[in-house]
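Subject: Structure handover

Hello,

Here is the structure I said I would pass on. Please have it open while you read the notes that follow.

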Amino acid sequence: MTKKKSEAANEDQTRDTKKKSVSAVKSSQKEKPVLAKQVKSSKEEEDLLLDSATDSDYDGDSLSGSLNSDDFDSDVFDSEDDASQKETEGGDKDSSEDELELHGNEDSDDDDEGEQVDSENDEEDGSDEEREVAEESDSSEDEVAPRNTVGDVPLEWYKDEKHIGYDITGKKITKKEKQDKLDSFLANMDDSKNWRKIYDEYNDEEVELTKEESKLIRRMLKGEAPHADFDPYAPYVDWFKWDDAIHPLSSAPEPKRRFIPSKWEAKKVVKYVRAIRKGLIKFDKPEEEPNVYLLWGDDSASDQKSKHLTYIPPPKLKLPGHEESYNPSLEYIPTEEEKAAYELMYEEDRPKFIPKRFTSLRSIPAYENALKESFDRCLDLYLCPRVRKKRVGAHSIINIDPESLKPKLPSRKDLRPYPNSCYLEYKGHTGAVTSVSPDCSGQWIASGSADGSVRIWEVETGRCLKVWQFKEAVKCVAWNPLPDFPILAVAIGQDLVILNTELGTDEEQQKIEELLRLGTLPEQDEAVAAIVSWLPDETYGGIKIKHFKNISYVDWHPRGDYLSAVMSAGETRGVVIHQLSMHKTQRLPIKMRGLPVCTLFHPTHRGMFIIATKKNVRVFNLQKRELAIKKLETGLREISSMAIHPGGDNLIVGSKEGKMCWFDMDLSSKPYKTLKNHPKDITNVAFHRSYPLFASCSEDSTAYVFHGKVYSDLNENPLIVPLEILRGHSTSSNRGVLDCKFHPRQPWLFTAGADSVIKLYCH
């Protein structure tokens, strides 16, 4: 029994070994065709790559790591795809043949058991070798090249170092030795897969692109989507449901009612509020300004000054225009007449820059005033005050309404009456009317013209009553201020003619004839005789007083007996005073300084005489025969005219630069107010005898009327308000209005123009 059991066990073992050997043989036979397929496919790939390398045109500049669109040729990929298809077909055929062979081997293995035992031993040895190879392959996959972990650090920092970065363990990654260009070129020529290799500068290695990556690059170079599965022309899916849609879609912003506040932010706000209430969060308290102030001065006068000087910015210069170009347009270049007019101007009024034209930049000369301007600039910096004025307002910013800076003046309606419109014109002169003078009654007005005629007009009708014709131009006319003596003083060249107007009563005419009759003349001093000579006027029956220079201005004393004559070229002998009743002439007992322009007798103080030179105004007392008791500094370039207020305490002075100065002689020797109104020379100024009005006329063909009220209270300054600009005269020979006088009783103004017209302006 035991023998039988042992034999049965042996038979079972032999059967098991047979089955194992058969399965091992089958597996080995199946692995053989797979290996054959791999070898075959690798050979075909190498052949295709060699063919593509030989067929493609080689460019000498293409090295490893450079990719061009020509490298990714569609023919290469098509050949690769065809080769892969052939491999799959050949693999299927081989697999079918191997299966047939395996079936035949199974039959042969069943018949021969000895061969099965030998193959079994051989297969066990082979399986051990395959396990060792598998273990080696697993360990080789773990051995990956160290990767660079420097992040976004620029690789230029490692340009001079021996390493290119650090791996994940912190060890340095050394740079590979670079091959010679010739060696790298030959190696690239021998390598058929060189067109697939890219140099990774970050890890200092060459990377070979796979087929899938090369296909992606080829599609991107063609401008297609990287993935072949992407459909750029997918059908449009309309997400909006148009069924039962009445109104169109709106692009209006979302309303506030749809806003959902954040719960987290609400909790955060509540948390901050509780912290503030508990005192956990504290805020800085505002600094309280001290209530201490200087009792006897402001902060600017305090001793606490800064260590450094305050910065004063320089004034901004005007940007250059077209006229400052080296080759400006012809419209900017002045003509010869304009240049001659510039030379006649004063230096202050002359334009600082006159455009010139040059053909090129090389022909431009050096700047003439460079040294002078640099010196003036340094002088300005030297004389500039180093303390900035303190500004008014909060935070050192001027916070003042500009309207509040304007003086509060009364309305013009409240200051009526004053002349504002032309009422009448007196025409008859053929030349420029140089002077006008109304009589004390206001019924008549006398005028003198450059045509040598003197006319008397009726004020209300404009009728010319009488005409005297002289050989020379009339410079000035002045009517006697006394109503009983209607005589007229006329300045013609070097002669001063006293004319009888024959307008008074018979008794008045007898007095005038006796006054104008020259009998035995008193003896004159030699100095006076050299200046003046009294002669009878045979032509018109008056008196002719001949001077040694041309007379420019005549003025009567308020009492009507004395008459002053001004000769501008007479220098120290330029002012003389004639006494009509005594037929006598007196020189001033004082020494004058400067060329005289005009004179005035004081309306209230006896013996006070005012002389205006080109620069200053001096007040003399003729009775005391002393030096000037007062000198008024005008600050003007050249005085042209002067007028005194009927009260005698205020004086206005006109200049040839368009400025007018108001002097309060009891207050100061400097102007109380300077008015800049006219753009051209002021020819004359005048006060009204009874109304608070004064006026000025200019060569710009305009006359300005002002309200000038003088208060009896010495603590209150005079009120000056501009009222009206009177226009109507036309310019002739670059001259406008030459004289202006107020009517003695009405608020009317007479103006004499260079256009040979006299105008009467009324309210």
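This is a predicted model, and the notes below go through two sheets, the empty spaces, the cysteines and a few backbone details.

Start with an open sheet of four strands, which are ordered β15-β16-β17-β18 and pair in the antiparallel sense. The edge positions belong to β15 (553-556) and β18 (584-587); each has a single partner strand, so one side of each has no neighbour in the sheet. On average, neighbouring strands here are turned by 25° against each other, direction ignored. Within the sheet, β16 (residues 562-566) and β17 (residues 575-579) are joined by five bridges. One residue pair to look up is Ser564 and its bridge partner in β17, Ile577.

A second open sheet also has four strands, in the order β5-β33-β32-β31, again with antiparallel pairing. Its edges are β5 (421-427) and β31 (737-742), and because each of these has a single partner strand, one side of each is left without a neighbour in the sheet. The twist from one strand to the next averages 20°. Strand β5 runs antiparallel to β33 (residues 757-762), with six bridges between them. Across this pairing, Tyr426 stands opposite Ile758 of β33.

Next, the empty spaces. Rolling a probe the size of a water molecule over the atoms shows where such space is left. The count gives one cavity of 30 Å³ or more. The volume of the largest cavity is about 40 Å³. Its lining is made up of Met592, Arg593, Ile611, Thr613, Arg618 and Phe620. Two elements, β20 (608-613) and β21 (616-621), each give two or more residues to that lining. By residue type, the lining of the largest cavity has three nonpolar, one polar and two charged residues.

As for pockets, the second largest has a volume of about 1,400 Å³. It is lined by 24 residues, of which Lys352, Phe353, Tyr367, Asn369 and Glu373 are the closest to its centre. The lining of this pocket divides into twelve charged, ten nonpolar and two polar residues.

On the cysteines: how many disulfides does a search of the whole structure find? It finds zero. A disulfide is a covalent bond between the sulfur atoms of two cysteines. For Cys740, the closest cysteine sulfur is that of Cys697, at 3.6 Å, which is too far for a bond, since a disulfide needs the two sulfur atoms within 2.5 Å. Cys740 is buried, with a relative accessible area of 0%. Cys464, in contrast, is partly exposed, at 28% relative accessibility.

Finally, the backbone. The peptide bond from Arg416 to Pro417 is cis, with omega near 5°. Pro417 sits in the loop between α9 (402-405) and β5, the edge strand of the second sheet described above.

Two residues other than glycine have a positive phi and are worth looking up:

- Glu502 has phi near 60°. It lies in the loop that runs between β12 (495-500) and α10 (506-516), and is exposed, with a relative accessible area of 52%.
- Ser733 has a phi of about 55°. Its place is the loop between β30 (719-727) and β31, and at 69% relative accessibility Ser733 is exposed.

Regards

Technical notes. Residues numbered from 1 in each chain as written. Predicted model: local features only at pLDDT ≥ 70, side-chain atom pairs only at ≥ 80, totals over all residues. Heavy atoms only, no water. Pairing = 2+ DSSP bridges. Axes fitted to C-alpha atoms, helices over the stretch in contact; angles between N-to-C directions. 1 Å grid on protein atoms, 1.4 Å probe; cavity = no way out; pocket = protein on both sides within 12 Å on 5 of 7 lines; lining within 4 Å. Points joined across faces, edges and corners; volume = space filled by probe spheres on them. Nonpolar A, V, L, I, M, F, W, Y, C, P; charged D, E, K, R; others polar. Buried < 20%, exposed > 50% of the residue type's maximum accessible area, 1.4 Å probe, protein only.
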